[in-house]
Amino acid sequence: MRDFQEQKKFEDTRRGFLKKASLGFGSIALSSLLGPTESFANDLLMAKTPPLVNANGGALGGTHFPAKAKRIIYLFQSGGPSQIETFDYKPALEKWHGQEIPDSVRGMQRNSGMVTSQSTFPLVKSIFDFKQYGESGAWVSELFPHTAGVVDELCIIKSMYTEAINHEPAVMFMQTGSQLSGRPSIGSWLSYGLGSDNKDLPNFVVMLSKGGGAQPLSSAAWGNGFLASHHQGVQFRSGKDPVLYLNNPHGVHEHDRRRALDHISELNNQQYDIWKDPEIQSKINQYEMAYRMQSSVPDAVDTSDEPDHIYELYGEDARIPGTYAANCLQARRLAEKDVKFIQLYHMGWDQHGGLPNGIKRQALGTDQATAGLITDLKQRGLLEDTLVVWGGEFGRTSFSQGRLTADNYGRDHHPGCFTMWMAGAGVKAGMVYGETDDFSYNVAQNGVHVHDFQATLLHLLGVDHEKLTFKHQGRRFRLTDVHGHVVKDILA
């Protein structure tokens, strides 16, 4: 009988040990999902209280090196603006206009499925005039007279290239580093790594121009992916409710909301102590952020106190909520309040046919506001630590899609080369970087891949793109995947 009791005691002890050990191993596995450091797993192994995810403090604990930029305003021109009608002047196309694109130029580059039935691919010049502007002598299309006026503030990259051929994968690739949905966007990575400089506003704000265009735009482009959900972009909208579901319901007083949040937070913390689920902490952070935003957002989005000369700078559309111009003005106000990443999406640059009229409308709706933003930031001293980015997901072909006439043509998607520009903190002003061939079909010099572009953005914010990682499903991920080089030649 005594032997049986001893054996049972041993079995109970063994079971207890294995049970506790298994929980410990599970915690170690969980820790690999919560942060990039090995010390976190060691803390869990030593039965220490794991650190909580803090919405206002980044996982990096600081930058890897001194940052040139404190924030980014990314003016994303969704649809793929034609580089040939904007900033990549190609006089050789005038000589080749109407002639078949040489096989030696076209090579093995892919085109979209929309030209598969096309039997001829005539090269087409831009019908818009180009001139050189500023001390830099950069060529700018007549479509952008206001941007031409600030060209000496810009660093124009003409040798961008990507791998995606269709809109959504290309947008995902530019914004998340992967053509597949489910990865964190640039703003989410920065929110996770660097945190916020303003605890009363989101780290990452998104605004869409009203009206939009033909192609869809997935919210996954500003999603948090596998990072905690409070790192996703918060969409600010036009109208009386800039952020949905932010205001208290009718009859609920601010003090009642505060008491309710305190009780909810207490319950959530009890659940976190049991389950150690990081999403519980994200919920707490989101509840608290929403509460603070009830007072901070109305002030941030109210432009009624802006003087007339500011509206004149951005254009009269800036008085109409939800327009690209109004969003640019809004972006400046958010930059003043130290929001880390401000993303504007303006759709409608997808001109497969009717390109001359289509791109003319797009430029008319964006040019003045874009230049106004640069000017406004500079006159306030904000351009010194704010990086402004302009560009789309890919470029357009130098051959015509569809029928070519004297005053009309279209252009297909083209990942082989396209143009973007940066301005402000950390980049050389008045610089044109990279070159394409005579047809603007292939990169000829200093190619900049999407991952290079992303690595450079992070570098300007003081982050080593190879060290901002997150372990998910057994692998460490980063924005630039396993690629990317900082484009040092453009750094100031």
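Two strands pair if DSSP finds at least two bridges between them. The structure described here is a predicted model, and the pairing of its strand E1 is a convenient place to start.

**Strand E1 and its partners**

Strand E1 covers residues 71-78. E1 and E7 pair in the parallel sense, over seven bridges. Within this pairing, Leu75 of E1 stands opposite Leu344 in E7. Strand E8, residues 386-391, is also parallel to E1, and six bridges join the two. Here Arg71 stands opposite Thr386 in E8.

E1 is mostly covered, with eight of its eight residues buried. Arg71, Ile73, Leu75 and Gln77 point one way from the strand, while Ile72, Tyr74, Phe76 and Ser78 point the other way. Both of these sets are buried.

**Two covered helices**

Helix H7, residues 186-194, is mostly covered, and nine of its nine residues are buried. Among them are Ile186, Trp189, Leu190, Tyr192 and Leu194, along with Gly187 and Gly193. The serines Ser188 and Ser191 are buried as well. Just after H7 comes Gly195, which takes a positive phi of about 70 degrees.

Helix H13, residues 450-460, is mostly covered too: ten of its eleven residues are buried. The buried residues include Val450, Phe453, Ala455, Leu457, Leu458 and Leu460. His451, Asp452, Gln454 and Thr456 also belong to the buried residues of H13. Gly462, just after H13, takes a positive phi of about 85 degrees.

**Positive phi outside glycine**

Asp338 has a positive phi although it is not a glycine. Gln473 likewise has a positive phi and is a residue other than glycine. Both lie in loops, as the table shows.

| Residue | Phi | Loop between | Relative accessible area |
|---|---|---|---|
| Asp338 | about 65 degrees | helix H11 (324-336) and strand E7 (341-347) | 22% |
| Gln473 | near 50 degrees | strand E16 (470-472) and strand E17 (475-477) | 70% |

Asp338 counts as partly exposed because its relative accessible area is 22%, and the buried class is under 20%. Gln473 has a relative accessible area of 70%, so Gln473 is exposed, the cut-off for that class being over 50%.

The loop that holds Asp338 leads back to the opening topic, for strand E7 at one end of that loop is the strand that pairs with E1 over seven bridges.

Note on methods: Residues are numbered from 1 along each chain as its sequence is written. This is a predicted model: local features need pLDDT of at least 70, side-chain atom pairs count only at pLDDT 80 or more; totals for chains, interfaces and linings use all residues. Side-chain values use heavy atoms; hydrogens and water are left out. Buried means under 20% relative accessible area, exposed over 50%, partly exposed in between (1.4 Å probe, protein chains only). Helices (H or I, at least four residues) and strands (E, at least two) are DSSP runs, numbered from the N terminus.
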